[in-house]
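Student: I would like to go through this model and ask what justifies the terms used for it. Please set each value against its definition.

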Amino acid sequence: QLRLVESGGGLVHPGESLRLSCAASGFTLDYYAINWFRQAPGKEREVISCISSGGSFTKYSDSVKGRFTISRDNAKNVVYLQMNSLNPADTAVYYCAARSIPGCDTESRYDVWGQGTQVTVSS
């Protein structure tokens with residue numbers, strides 16, 4: 001059964017950093033492009049990053065570009081999201097999702113979603 005599990009969320013102060021992990025089980029991530037999304041209560045879900053299946057290409061939304069870095073270790077079956085310079089606007093539940101496509105620019109449905117991990121940035 002395809003599963004993704006996010007971890008690494010928590011409560012931090014503005015300017016601090018967190019590293020989120022997205023671990024796959026039941027399948028191998030090698031052939032899946034991975035996206036990170038976030039959603040605050042009452043807000044639309046926002047795509048913030050994508051990494052191609054081989055890790056060669058990455059994309060970021062304007063809201064996180066320059067602060068967040070997506071990476072992957074296919075040998076460990078894990079995708080990461082390093083989040084630096086966090087601010088209160090980053091407060092949300094963060095989700096990872098996988099698509100069985102190589103790249104990030106093709107529209108397609110997601111094969112599996114994680115449950116999400118809460119990130120709270122507060123002074």
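Student: Which strand supplies the largest share of the lining of the largest pocket?

Tutor: E5 does, with four residues. A strand here is a DSSP run (E, at least two residues; helices are H or I, at least four), numbered from the N terminus. This is a predicted model, in which local features need pLDDT of at least 70, side-chain atom pairs count only at pLDDT 80 or more, and totals for chains, interfaces and linings use all residues. Residues are numbered from 1 along each chain as its sequence is written, and side-chain values use heavy atoms, with hydrogens and water left out.

Student: What makes a set of points a pocket and not a cavity?

Tutor: On a 1 Å grid over the protein atoms alone, a cavity is a set of points where a 1.4 Å probe fits but cannot get out, whereas a pocket is an open set with protein on both sides within 12 Å along at least five of seven lines. The largest pocket holds about 230 Å³, a volume being the space filled by probe spheres set on points joined across faces, edges and corners.

Student: Which lining residues are the closest to the centre of the largest pocket?

Tutor: Asn35, Val47, Lys59, Cys104 and Tyr110, out of 16 that line it; to count as lining, a residue has an atom within 4 Å of a point. At least two lining residues come from each of E4 (33-39), E5 (46-51) and E6 (58-60).

Student: How do you know that E4 and E5 pair?

Tutor: The criterion is at least two DSSP bridges between two strands. E4 and E5 have five, in the antiparallel sense, so they meet the criterion of at least two. Asn35 has Cys50 in E5 as its bridge partner. The two strands form a hairpin with six residues between them, and Gly42 in the turn has a positive phi of about 75°.

Student: How many bridges join E5 to E6?

Tutor: Three, with the strands antiparallel, so this pair also passes the limit of at least two. Ile51 stands opposite Thr58 in E6. Here too there is a hairpin with six residues between the strands, where Gly55 in the turn has a positive phi of about 85°.

Student: Why is one side of E1 and of E7 left without a neighbour in the sheet?

Tutor: The open sheet has four strands in the order E1-E3-E8-E7, with antiparallel pairing. E1 (3-7) and E7 (68-73) stand at its edges and each has a single partner strand, so one side of each is left without a neighbour.

Student: How many bridges does the pairing of E3 with E8 span?

Tutor: E3 (residues 18-25) and E8 (residues 78-83) pair over six bridges, in the antiparallel sense. Cys22 has Val79 in E8 as its bridge partner.
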